[in-house]
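Biologist: I'm new to this one, so could you take me through a single part of it up close? I'd like to get my bearings first and then look inside.

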Amino acid sequence: TSSDAWDGFTWRLAAEYAATDDVLYYASLSTGYKSGKQNLFGTNGYPVEQETVTSYEVGIKSRLSDNRVTLNAAVFYYDYSDYQTYEFLPNPPGVVTASGYSFVWGNIPEVSYWGAEVEMLARPVENLTIRMAYGFVESEIEGYFDDAPIDFTGNTIVNINDSDFSASIRYDFSLGDKGV
């Protein structure tokens with residue numbers, strides 16, 4: 001029976017500079033949003049506000065060694081307002097529990113992420129491809145729920161890997177008529 005409605009306007013501003021035919025620098029500034037939603041407990045809806053983000057990114061894309069090596073790198077910063085998350089909060093209207101708290105979707109007022117990524121793809125000889133990628137992310141809760149039992153301001157967001165690494169080596173060869 002909720003009458004809440006969410007909409008949003010997003011935009012993106014980007015620039016790039018081709019220093020050479022093989023090296024491109026870029027920067028972007030953009031916004032985005034995630035629609036709000038309802039927590040449904042009994043007959044009372046408990047709205048979760050729309051999440052918004054402003055994203056800043058700068059990076060480089062390059063092809064080196066006669067296009068046998070691709071090297072890309074970027075740094076980024078995301079500034080969230082009303083970050084949507086599942087939290088232990090005071091009971092919504094109409095919900096009664098022994099503790100007075102329930103796990104519900106809610107909005108953390110201010111969250112930020114920043115990090116970097118680097119990716120390398122090399123083809124040193126015919127049929128051989130080597131790929132490596134590394135990413136690093138930090139997050140911070142800059143302002144927490146006003147009515148939360150514990151203030152987590154200054155903490156990181158849970159379930160976010162602070163770094164990841166992947167690598168693969170692939171060698172392609174023909175099986176001739178045996179691979180049919």
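How many helices and how many strands does the secondary structure of the chain come to? And once that's clear, which residues make up the heart of the largest nonpolar core?

Modeller: Keep in mind that this is a predicted model. The chain has 0 helices and 9 strands, so reading from the N terminus you just get β-β-β-β-β-β-β-β-β. Its C-alpha trace spans about 70 × 45 × 30 Å along the principal axes. The radius of gyration is 23 Å, whereas a compact globule of 180 residues would come in near 16 Å. Buried residues are 28% of the 180 in the chain.

Now for the inside. The largest nonpolar core holds 13 residues, and the ones with the most contacts within it are Tyr-80, Tyr-83, Ile-108, Val-111, Tyr-113, Tyr-144 and Ile-157. Three elements each give two or more residues to this core: strand E6 (69-90), strand E7 (101-122) and strand E8 (128-143). In soluble globular proteins, nonpolar side chains tend to be buried together.

Let's zoom in on Ile-108. Leaving out residues up to four places away in sequence, Ile-108 touches Ser-81, Asp-82, Tyr-83, Thr-85 and Glu-87, and also Ile-141, Gly-143, Tyr-144, Phe-145 and Ile-157. Tyr-83, Tyr-144 and Ile-157 are also among the residues with the most contacts inside the core.

Stepping back to the whole chain, among contacts with a separation of 6 or more, 58% come from residues 24 or more positions apart. On the outside, the accessible surface is about 11,900 Å², with 54% belonging to carbon and sulfur atoms. The side chains include 10 positive and 26 negative ones, and the centres of those two sets lie 16 Å apart.

Definitions and conventions:
Residues numbered from 1 in each chain as written. Predicted model: local features only at pLDDT ≥ 70, side-chain atom pairs only at ≥ 80, totals over all residues. Heavy atoms only, no water. Core = buried A, V, L, I, M, F, W, Y, C linked by side-chain atoms within 4.5 Å. Buried < 20%, exposed > 50% of the residue type's maximum accessible area, 1.4 Å probe, protein only. Helix = DSSP H or I, 4+ residues; strand = E, 2+ residues; numbered from the N terminus. Contact = heavy atoms within 4.5 Å. Rg over C-alpha atoms; globule rule 2.2 N^0.38 Å. Areas by Shrake-Rupley, 256 points an atom, 1.4 Å probe, with all protein chains shown as cover. Lys, Arg positive; Asp, Glu negative; His and termini not counted. Charge placed at Lys NZ, Arg CZ, Asp CG, Glu CD.
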